[in-house]
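Me: Hey, got a minute to go through this model with me? I'd like to start with the strands and then get to the charged residues.

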Amino acid sequence: MKNLFLMRHGKSSWELNVSDQDRALLQRGISDARLVADEIAKLNLKIDQVYTSPANRAFHTCMICLRTLYYPLENCSVTADLYDFSGNQVFQFIQQLDNNLNNVLLFGHNHTFTHLANSMGDRRIDNVPTSGFVHLQFQENTWANVIKGSTIQTIFPKQLKA
């Protein structure tokens with residue numbers, strides 16, 4: 001069985017004149033990432049490996065989450081394949097994952113994560129919001145065979161705010 005966890009980066013700023021990859025998180029992005037990470041921590045998920053997009057906003061969201069989970073940073077890799085907005089690159093990346101890994105957490109972008117959640121899961125999600133988390137599960141032994149699975153859970157910041 002393979003578990004894929006997707007977390008979209010937190011809300012980012014368009015105010016500074018920087019490249020897309022260098023855009024920073026807004027305070028709301030930091031707060032929402034912490035809020036969702038706190039919920040993820042309650043699940044006591046087993047995570048074998050973490051991969052993040054090199055974009056500042058995704059990497060920063062990743063660091064906030066991993067710090068909250070007390071997750072070892074040596075099991076986190078930055079990969080350019082996750083700086084993708086169509087989903088094709090990320091899907092190929094997933095299918096090439098090491099089969100010794102059963103539980104993988106990815107930090108990245110939309111429209112990729114909404115597309116993957118809808119095409120690979122069994123529940124329609126209109127939009128994975130910033131700092132949104134989706135858990136997909138597959139009854140497969142190899143990542144190359146992961147195509148269609150079950151949407152186990154979503155955690156979105158709006159759900160956590162009273």
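Me: How many bridges join β1 to strand β5, and do they run parallel or antiparallel?

Reply: There are 6 bridges between β1 and β5 (residues 133–138), and the two strands run antiparallel. Before we go on, this is a predicted model, so local features need pLDDT of at least 70 and side-chain atom pairs count only at pLDDT 80 or more, while totals for chains, interfaces and linings use all residues. Residues are numbered from 1 along each chain as its sequence is written, and side-chain values use heavy atoms, with hydrogens and water left out.

Me: What counts as a strand or a pairing here?

Reply: Helices (H or I, at least four residues) and strands (E, at least two) are DSSP runs, numbered from the N terminus. Two strands pair if DSSP finds at least two bridges between them.

Me: Which residue in β5 is the bridge partner of Phe5?

Reply: That's His135.

Me: And how does β1 pair with β4, parallel or antiparallel?

Reply: Parallel, over 6 bridges, with β4 covering residues 103–108. In that pairing, Arg8 of β1 sits opposite Gly108.

Me: How many residues of β1 are buried?

Reply: 7 of its 7 residues, 2–8, are buried. Buried means under 20% relative accessible area, exposed is over 50%, and partly exposed is in between (1.4 Å probe, protein chains only). Both faces are covered, with Lys2, Leu4, Leu6 and Arg8 on one side and Asn3, Phe5 and Met7 on the other.

Me: Back to β5. What does Gln137 touch?

Reply: Gln137 is in β5. Leaving out residues up to four places away in sequence, Gln137 contacts Met1, Lys2, Asn3, Gly149, Ser150 and Ile152, where contact means heavy atoms within 4.5 Å. The C-alpha atoms of Gln137 and Lys2 are 5.8 Å apart, with their positions 135 residues apart along the chain.

Me: Which side chain does the Gln137 side chain make a polar contact with?

Reply: The side chain of Asn3, at 2.9 Å. A polar contact is a pair of N or O atoms within 3.5 Å; within protein, one must be able to donate a hydrogen and the other to accept it, and residues adjacent in sequence count only if both atoms are side-chain atoms.

Me: What about Gln139, buried or exposed?

Reply: Exposed, because its relative accessibility is 61%. Gln139 lies in the loop between β5 and β6 (150–155).

Me: OK, charges now. How many salt bridges are there?

Reply: The structure holds 6. A salt bridge is a side-chain nitrogen of Lys or Arg within 4 Å of a carboxyl oxygen of Asp or Glu. Asp20, Arg23 and Arg57 are linked in a network of them.

Me: What are the N to O distances for Asp20 in that network?

Reply: Asp20 to Arg23 is 3.1 Å, and Asp20 to Arg57 is 3.1 Å as well. The Asp20–Arg57 pair links distant parts of the chain, 37 residues apart: Asp20 is in the loop between β1 and α1 (27–42), and Arg57 is in helix α2 (residues 56–69).

Me: Why does Arg57 count as buried?

Reply: Because its relative accessible area is 1%. Arg23 is buried too, at 7%, while Asp20 is partly exposed at 25%.

Me: And where do Lys42 and Glu39 sit?

Reply: Both are in helix α1, and since they are 3 residues apart, about one helical turn separates them. Their side chains meet in a salt bridge of 2.8 Å, N to O. Lys42 is exposed at 59%, whereas Glu39 is partly exposed at 25%.
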